[in-house]
Amino acid sequence: MMKKPLAEFIGTFTLVLFGCGAAVIAGGDIGLTGISFAFGLALIGMAYGIGSVSGCHINPAVTLGVVASGRMSIADAVPYMIAQVAGSIAGALVLMIIATGKADYTVAANGLGQNGWGAGYLGEYTMAAAFVFEVVATFLFLVFILGAIGAGAPSAKAGLAIGLALVVIHLVGINVTGVSVNPARSIGPALFAGGTAIAQLWLFIVAPIIGAVAAGLLFKSGLLDAE
C-alpha cells in the first residue's frame, strides 16, 4: 500500500525542487517563461514516471478534486495528501541546501520560490486578485485534469496536456501569486522562507481547494461527461 504515497512523495519533491529551483537558481537567466516551463515539464516527466502507480496527483487540491468527482475515496486521499506535503517540504529543504552553496544567497533575501502577493512581491497584486486567480486557475486546472483522464479521453496524451496546462497557468499567474494551484507546493517553501510566506500561506491552501472541489463537483454532476 505504500507504493502510491511513495510515488506522490517523489513526484511532489520533484515538482518543488525543479519548479521552485528554476525560480531561485536560474530565474535571472530563464525568466518567467523558463520558470513556467520548468513547472510544466516537471509535471509531464512525473506523469509518465509515476502516473501508472498513483495517477501523479502531486497536489492535494487535485486529490480533493478527484474525491469530489467521485473517483476516489477520502480514506485513499489522506495518505496521498500527507505524502504530497512531505515531498514538498523535502524538495524545499534540498533546494535550500543547494542554493545556500552560493556565497551571496540567503533565504531572507532571495527566497525559495514561495507564493505571495502584495507590496514587495513580484507584481504587487492585491489579496483579492491573488485569491480570484488561485480559485479560477485551480478550477480550470482540474477541468484539464479530470477531462484528460476521463472516459473517452486519449489517456496516453493526458500527461502532456496536463503539464502544458500548468505551463500556461504559470505564464499568466507568476506575477500575481508566483502560482500555487497546489497547497503542497506552497507549504514546503513557505516553511523555510518564514515570515510573510507563512502569514499568507492560508490563501494558497484555501483558494486552490475551493477551485478544485468546484471542478470535481462539476464533473460529478455529469455536465462535462463525454457523450
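**Packing of helix H3 and a salt bridge**

In helix H3, the buried residues are Ala77, Tyr80, Met81, Ala83, Gln84, Gly87, Ser88, Gly91, Ala92, Leu95, Met96 and Ala99. The structure is a predicted model. The buried residues of H3 pack against four elements, namely helix H1 (3-54), H2, helix H4 (107-110) and helix H7 (183-193). With 26 residues at 1.5 Å a residue, H3 should span 38 Å, and the 37 Å between its end C-alpha atoms agrees with this expectation.

The packing of H3 with H2 was examined further. Two packed helices are described by the angle between their axes and the distance between the axes. For helix H2 (residues 60-68) and helix H3 (residues 74-99), the angle is about 175° and the axes lie 9 Å apart. Because angles over 145 degrees count as roughly antiparallel, H2 and H3 are therefore assigned to that class. On the H2 side, the contact is made by Pro60, Thr63, Leu64 and Val67, while H3 contributes Ile74, Ala77, Tyr80, Met81 and Gln84. Of the residues in this contact between H2 and H3, seven are nonpolar and two are polar, and none is charged. Ala77, Tyr80, Met81 and Gln84 of H3 are thus named in the contact with H2 and are also among the buried residues of H3.

Charged pairs were considered next. Side chains of opposite charge can pair when their charged atoms come close. The model contains one salt bridge, formed between Lys102 and Asp104, with the closest N and O atoms 3.1 Å apart. Lys102 counts as exposed because its relative accessibility is 53%, and Asp104 likewise counts as exposed, at 55% relative accessibility.

How values were computed: Residues numbered from 1 in each chain as written. Predicted model: local features only at pLDDT ≥ 70, side-chain atom pairs only at ≥ 80, totals over all residues. Heavy atoms only, no water. Axes fitted to C-alpha atoms, helices over the stretch in contact; angles between N-to-C directions. Helix = DSSP H or I, 4+ residues; strand = E, 2+ residues; numbered from the N terminus. Parallel < 35°, antiparallel > 145°, perpendicular 65-115°, else oblique. Contact = heavy atoms within 4.5 Å. Nonpolar A, V, L, I, M, F, W, Y, C, P; charged D, E, K, R; others polar. Salt bridge = Lys/Arg side-chain N within 4 Å of Asp/Glu carboxyl O. Buried < 20%, exposed > 50% of the residue type's maximum accessible area, 1.4 Å probe, protein only. Expected span 1.5 Å × (residues − 1).
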